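Me: I've got a structure open and a few labels I'd like to see justified. Can we go through them one at a time?

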Amino acid sequence: MRGFSARRREALSVKRKTESLASVVKETVSEHRTLTAGLIALIAGAVTLGLLPPLVLERIVDRLTAGKQAEGRAALLYFGLLAASGLFEAGQNVAITVFGQKITHGLRSAMCGKLRRLPAAYFTGHESGSVTSRFVNDVDTVDTLFTEGIVGMFADGCRVIGLLTVIFVKSAGLGLLLLASLPLLFWMTRAFQQKMLRAQLQNREAVARAANHVPETIRNIRMIRSFYRQSYMEERYDGYIQEGYRATEKSNFCDSVYSPIVIFVSSCIVAAVMVFAAAGGGLFRMSVGAAVAVTAYVAKVFGPLESIGMEIQNIQSAAAGVRRIDEFLREEEREEPDPALTAEKLLADSPARVEFQQVEFGYGTDHPVLRDLTFTAQPGETVILTGRTGAGKSTAFRLLLGLYAPSGGRVTVCGADAAAIPDGEKRKLFGVVPQDFRLVPGTVGDQISLFDPAVGPEQIRRAAELAGLHESILALPRGYDTPAARELFSQGQLQLLAIARAVAADPPILLLDEITANLDSGTERRVLRALELASRDRTVLSISHRACVPAPGVRLIAVGSRQSDFC
Amino acid sequence: MSGRPAGGVEHPEQLRSYFKMEWAPLTLVTVSGLLYNAGLTAGPYFEGQMAQRLFDILKGARAPASMAPLAGMYLLTILVVQAMRSVKRFYVRRFANDTARAMRRMLYNSLVHKSRAQLRRESVGAVMTRAVSDVDACAEGMRKFTTEVFDTGVALAAYLTMLFVYDWRLALLSCMFTPAAYLIASHLKTTVTRYGAAYKKSAGELSDATLDRVAGALTYRVYGREPDRDRAYEARLSDYERKAAAANLWENTMQPIYNFISLAGVVPLIWLGAKNVLGTGWKTWDIAAFTTFLACFIKLAAKSSSAAKLFNAVQRAQVSWSRIRPFMQPYEEPDTATELDFAHPGTLRVSHLSFAYPGGPEILRDVSFAVRPGEIAGVTGPVASGKSTLGRVFLCESPYRGNVRIGERELSSLSEYERSRLVSYLGHQPELMSDTLAENIRLGKSGDIAPYLRAACLEREAAEMPDGADTFAGSGGIRLSGGQQARTALCRTLYNAGAVLVLDDPFSAVDRGTARELLQNLRELSKDRAVLLISHRLELFPLLDQVLWMENGSCTASTHGELLEKNPAYARLFRAQEGGAERETKN
């Protein structure tokens with residue numbers, strides 16, 4: 001018997017469009033044509049205006065050497081050009097910033113969209129802290145890549161080309177000198193780049209690990225304190241930041257010496273021009289005014305070249321982030337559910353039956369967790385899954401939720417493969433009460449509706465009433481609209497919230513995982529009562545790790561295999 | 001300046017302390033910075049001299065060969081100046097790197113010494129953002145401040161001196177626009193700060209939203225809510241985009257405007273400077289003087305506009321610092337001083353213990369019992385009878401009344417270190433870390449974990465993992481099953497066990513057979529330990545040395561047999577579970 005996954009794979013052999021950083025950028029650029037055009041116009045204006053002042057200066061100095069007073073017009077023009085090029089540069093910077101923000105926005109949107117298409121295994125295999133760091137830190141480096149990297153480099157590149165052109169016109173000799181030295185500088189820059197890339201990569205990784213260590217400490221603080229492992233935790237954190245420190249130190253060194261070297265080279269060229277001009281060689285023949293202007297130009301060539309050096313650093317440091325973002329966007333995606341399946345259709349065609357037929361499943365390839373699991377939960381029936389620890393009870397649930405597809409056999413809900421049911425339909429089919437309740441950012445009402453527009457205030461209230469939470473919620477400062485916070489609820493009340501969340505959309509099937517394992521408070525009775533109410537008229541599948549007294553009509557199913565369920 | 005400092009930063013709540021701590025790199029920065037900035041004027045000076053020399057040569061007043069020595073002098077000076085510059089650049093970066101590291105250490109030290117209750121009041125995402133991005137922004141601000149002190153302060157002084165030497169009246173006249181730039185910059189700084197703060201806040205919110213979206217992905221998926229969450233995330237992104245653009249606009253565009261204002265002085269400079277050259281002005285200049293003066297002035301104007309950059313950098317650092325500062329507390333050193341003999345701790349005696357959470361009702365009332373080393377006492381009772389609270393009393397997270405003595409010492413009088421050596425607590429949450437299975441058990445100690453893996457019934461499963469016990473357990477142990485997580489936590493407690501073991505529901509996620517095995521192993525490992533086993537599963541209680549029956553916060557210390565006879569509630573509970581067990585075996 002072939003599983004859902006094998007059959008779907010064939011159906012989905014058509015390649016899906018893979019996103020990458022480059023495609024996101026392309027889209028952003030074509031979406032914001034005006035902004036892109038404006039940006040280019042501003043850069044062109046700033047470059048052109050920046051070329052003119054030394055020409056005015058040349059004229060002034062040449063007049064002076066000829067013993068003539070400077071014209072007032074020329075002085076004003078000089079100032080006007082300096083000022084205008086400054087303003088254009090400012091405009092250019094604003095446009096670049098806005099542009100960079102558009103790109104990061106588009107990129108984060110694309111990454112967020114990717115989350116939805118990732119298989120469940122991705123989330124269990126990756127720390128949420130480091131995935132968050134992809135979204136936050138790595139995308140920020142992409143912003144730097146554009147604002148202070150690529151676009152800046154483009155502008156500076158234009159500036160260099162403009163300056164070289166003017167210099168060639170003024171002094172062909174100097175132009176040749178510059179052309180000869182630029183490859184040398186470029187080679188040096190590359191050497192710096194490669195050294196820095198390695199350091200930056202190490203630093204980013206260390207930063208992500210350090211970032212993950214903080215929420216982990218918060219989560220485990222009781223354990224840390226009770227074992228007196230504060231110093232141990234500090235040492236671990238220190239290890240991470242120390243790695244980052246050393247990597248930063250390396251790139252700082254390159255950063256510190258690069259620009260001084262470039263400036264020294266530029267001075268060498270100025271000195272050479274002066275010596276040649278003094279010697280009066282053909283290519284270097286020029287007036288004093290031209291010499292002054294040319295000196296100003298040389299300084300100007302190396303200015304943008306120096307910035308290009310910095311921009312290269314920014315690009316380098318972003319390269320690591322870009323690579324990780326592309327890796328993330330290229331992560332293998334899950335198989336798309338079948339959009340034709342709707343809860344209404346399924347329930348109309350078949351009663352709320354859950355069926356496992358000779359199900360086989362393993363997380364890796366070597367250790368099957370489930371082997372030949374077969375059982376049916378009939379509509380309205382309560383079935384309890386029992387079995388040795390690690391026997392695969394929770395795994396059976398994950399298959400039923402469609403988070404994973406079985407490698408053999410079938411898992412069906414109302415006759416349809418569980419993994420083929422679209423996410424949006426699941427809530428109308430089954431509610432889940434997990435081991436731990438996940439508090440979401442929002443109001444108390446949002447905890448129950450989980451932002452579902454289909455679950456209105458009336459349904460929220462009814463779910464809360466069933467869970468026996470209505471009164472406690474009304475006692476809160478703003479009732480259902482009170483912003484939710486962990487400390488508002490006891491452990492038991494969180495369980496009740498989980499029950500309310502599970503039944504809010506009135507599904508015919510209820511999945512209960514280990515419901516009283518963590519419960520040790522005055523609300524256990526209320527939890528049991530709520531569960532009883534929630535189970536009424538529903539097909540219930542429940543995981544129990546301990547001995548229990550099944551009520552009449554409740555069936556126990558032993559889940560077991562010789563293998564562990566390490567995943 | 002590498003390696004871990006012996007202690008922390010003194011007065012970590014003052015920014016000054018971080019400058020003080022970094023006196024060595026800062027001294028280097030000062031020396032090289034002064035030399036570099038003083039030497040900055042050398043460039044324009046020599047370039048002016050060379051232009052003049054060229055003029056003379058073209059006129060025939062000097063030999064063409066006279067240019068070379070001048071050019072050589074020029075190069076030598078630039079070389080020294082730029083060497084100074086790279087020293088300054090490197091050490092100012094090292095200063096920032098050191099500072100960021102010290103601040104992170106202090107932040108983390110303060111974090112790890114906070115209690116669970118204190119941490120619960122913090123939003124995880126916000127703390128994370130604070131720790132990572134604020135420290136960077138703050139150290140970066142301090143770096144820029146230090147850089148600008150030289151690049152702006154010293155360089156300005158050097159350029160100004162140069163100008164005044166050449167022609168003080170013209171210097172005054174051309175520089176009179178600069179103060180206006182300063183005035184505007186200082187006026188606008190509150191606006192810059194306001195937009196900067198709004199941007200930071202939005203960044204924090206975005207970070208929180210991202211963490212929620214990722215960490216809650218499967219919850220949202222199972223409920224089909226991913227599209228909604230993506231829309232909400234999109235709204236966050238738009239907010240962030242707007243605030244970031246506004247903040248950057250204010251921060252980046254002011255500078256060219258200051259520059260514009262400062263540069264206005266160039267008009268009188270050229271006009272009057274030309275007169276000087278022609279001999280009709282205040283001073284008599286040559287071409288060299290004219291070009292040097294002009295070049296210095298333009299550099300001066302550019303520098304003075306970066307005074308605004310200085311304000312901005314400082315502002316940004318202040319915004320970040322104001323959010324880091326509340327967490328900056330004196331460094332807490334580990335205190336492992338003790339006179340206790342951990343090898344012979346003695347009997348656990350609890351007498352007349354009463355307990356209430358701060359501001360809450362009394363949960364434990366006059367509880368008394370004793371557990372000798374080698375004994376295992378089961379603690380049970382109906383729901384909300386206070387059994388878990390009794391376990392948590394041993395953590396001393398809140399004060400209790402009455403006595404809890406281990407040997408002769410009162411628990412509350414012990415240091416945190418002593419307590420950690422004497423009492424080992426296992427709670428409901430496994431509290432695992434992103435590390436290997438073995439490291440989660442050892443927690444930095446060295447030693448063989450195999451016997452403890454065996455004791456926690458983990459040995460076989462660990463051996464089957466890809467890298468054995470050195471297999472990565474995932475974030476929070478997520479790659480382990482719930483049962484494996486619980487047994488890893490148990491194993492950790494056994495490995496680090498003190499004289500008193502307090503185990504709250506250690507067998508909740510294991511079946512009956514495993515529970516029996518675990519108890520047997522526990523007994524073997526606890527020959528000289530007093531064990532409190534809190535559970536509402538009673539099937540193993542007949543095997544325990546005594547049973548503490550909790551009801552409404554009071555405790556009856558007895559044995560299984562006696563309770564079965566005399567306590568109807570206990571008997572009922574036990575029999576109900578026994579029945580369940582029989583039925584389970586039948587299935």
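What follows is a short back-and-forth about how those labels are earned.

Me: First off, what makes this a model to read with some care?
Reply: It's a predicted model. The scores are ipTM 0.80 and pTM 0.68. Chain B averages a pLDDT of 85, with 94% of its residues at 70 or above.

Me: Which stretches of chain B have a pLDDT under 50, and what contacts do they have?
Reply: Residues 1-6 of chain B stay under 50, and the model gives them 3 contacts beyond four places in sequence. Residues 580-587 of chain B are also below 50, with 11 contacts beyond near neighbours in sequence.

Me: Why is Val266(B) called buried?
Reply: The label takes 20 or more other C-beta atoms within 10 Å of a residue's own. Val266(B) is listed as buried, so its C-beta has to meet that count. Others on the buried list for helix 11 of chain B include Leu269(B), Ile270(B), Gly273(B) and Asn276(B). Across chain B, 53% of the 587 residues count as buried.

Me: How do you know that helix 11 of chain B has close to the expected span?
Reply: The expected span is 1.5 Å times one less than the number of residues. Helix 11 runs over residues 266-278, 13 residues, and its first and last C-alpha are 18 Å apart; the expected value is 18 Å, so the span fits. Just after this helix, Gly279(B) takes a positive phi of about 80°.

Me: What makes the largest nonpolar core a core, and which residues have the most contacts inside it?
Reply: Membership needs buried residues of the nonpolar kinds, joined through C-beta atoms within 7 Å. The largest such set has 147 residues, and those with the most contacts inside it include Val273(A), Ala291(A), Leu54(B) and Phe297(B). Helix 4 of chain B, residues 67-112, gives the most to this core, with 20 residues. Another core, of 118 residues, lies apart from it, with Ile384(A) and Phe489(A) among its members.

Me: How do you know that Ala291(A) touches chain B?
Reply: A contact means C-beta atoms within 7 Å. Ala291(A) is in contact with Ala51(B) and Leu54(B), so those pairs must meet that cut-off. In chain A, its partners beyond four places in sequence include Met274(A) and Met286(A).

Me: What makes up the side of chain B that touches chain A?
Reply: 136 residues of chain B are in contact with 132 of chain A. Helix 4 of chain B supplies the largest share of chain B's side, 23 residues. That side divides into 66 nonpolar, 35 polar and 35 charged residues.

Notes:
Residues are numbered from 1 along each chain as its sequence is written. Chains are lettered from A and ligands numbered from 1 in the order in which they are written. This is a predicted model: local features need pLDDT of at least 70, side-chain atom pairs count only at pLDDT 80 or more; totals for chains, interfaces and linings use all residues. A residue is buried if 20 or more other C-beta atoms lie within 10 Å of its own, exposed if 12 or fewer, and partly exposed in between; C-beta atoms are placed from the backbone. Helices (H or I, at least four residues) and strands (E, at least two) are DSSP runs, numbered from the N terminus. Two residues are in contact if their C-beta atoms, placed from the backbone, lie within 7 Å. Ala, Val, Leu, Ile, Met, Phe, Trp, Tyr, Cys and Pro count as nonpolar, Asp, Glu, Lys and Arg as charged, and the others, Gly among them, as polar. pLDDT is the predictor's confidence in each residue, from 0 to 100.
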